[in-house]
Amino acid sequence: MGNSQKRAIQNYRSRLGKRGLARFEVLGRDADRDLIRSFAKRLSEDTPEASELRAAVRKSIAGEPPQPGGILAALRRSPLVGADLDLSRPREKGRKVDL
């Protein structure tokens, strides 16, 4: 490789580094090539969607159990919170069953 080519690669990688990006190689199945490229492109963007995607994949790979209280937190976010619904039921003895 000539000096000009080495200098061009160095300049390119320097520009990537200034943008906070790095070039690296991964191994994967040939069928996943487009998926990995689109995933890497989405992660390289500095958007809230990229952050959400990053967090979801990190959580999925970590394999950690879900945080306790998740159902309670979801119920508290419900639009019916504070609606003052009367959910009481009258108590009945039930029916007699002939066995």
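## Meeting a four-helix chain

D84 is exposed, because its relative accessible area is 76%, and exposed means over 50%. This residue belongs to a predicted model, so treat what follows as a tour of a prediction. The chain holds four helices and zero strands. Its radius of gyration is 28 Å, whereas a compact globule of 99 residues would have one near 13 Å.

**Around D84**

- D84 sits in the segment that comes after α4, the helix of residues 70-76.
- The phi of D84 is positive, at about 50°, although D84 is not a glycine.

**The chain as a whole**

- Reading from the N terminus, you meet the elements in the order α-α-α-α.
- Taken along the principal axes, the box filled by the C-alpha atoms of the chain is roughly 95 × 40 × 20 Å.
- Just 2% of the 99 residues of the chain count as buried.
- The chain has an accessible surface of about 10,400 Å², and carbon and sulfur atoms account for 52% of that surface.

**Helix α1 and the glycine after it**

- Helix α1 is made of 16 residues, and it covers positions 3-18.
- From its first C-alpha to its last, α1 reaches 22 Å, close to the 22 Å expected at 1.5 Å a residue.
- G20 follows α1, and the phi of G20 is positive, near 85°.

**Helix α3, its glycine and L53**

- Helix α3 runs over residues 48-62 and has 15 residues.
- The reach of α3 from first C-alpha to last is 21 Å, close to the 21 Å expected at 1.5 Å a residue.
- G63 follows α3 and has a positive phi, near 70°.
- L53 is one of the residues in α3.
- With a relative accessible area of 27%, L53 is partly exposed, because that class lies between the buried cut-off of under 20% and the exposed cut-off of over 50%.
- L53 and G2 stand 51 residues apart in sequence, and their C-alpha atoms are 40 Å apart in space.

**The largest pocket**

- The largest pocket holds about 810 Å³ of space.
- Its lining is made up of 19 residues, and those closest to the pocket centre are A22, F24, I36, R37 and A40.
- Two elements, α1 (3-18) and α2 (33-44), each give two or more residues to the lining of this pocket.
- Which helix gives the most to the lining of the largest pocket? Helix α2 does, with seven residues.
- Sorted by class, the lining of the largest pocket contains 11 nonpolar, six charged and two polar residues.

**To keep in mind**

- On your first look, find the four helices of the chain, then go to the largest pocket, where α2 gives seven residues to the lining.
- From there, visit the two glycines with positive phi: G20 after α1 and G63 after α3.
- End at D84, which has a positive phi without being a glycine.

How values were computed. Residues numbered from 1 in each chain as written. Predicted model: local features only at pLDDT ≥ 70, side-chain atom pairs only at ≥ 80, totals over all residues. Heavy atoms only, no water. 1 Å grid on protein atoms, 1.4 Å probe; cavity = no way out; pocket = protein on both sides within 12 Å on 5 of 7 lines; lining within 4 Å. Points joined across faces, edges and corners; volume = space filled by probe spheres on them. Nonpolar A, V, L, I, M, F, W, Y, C, P; charged D, E, K, R; others polar. Rg over C-alpha atoms; globule rule 2.2 N^0.38 Å. Buried < 20%, exposed > 50% of the residue type's maximum accessible area, 1.4 Å probe, protein only. Areas by Shrake-Rupley, 256 points an atom, 1.4 Å probe, with all protein chains shown as cover. Expected span 1.5 Å × (residues − 1).
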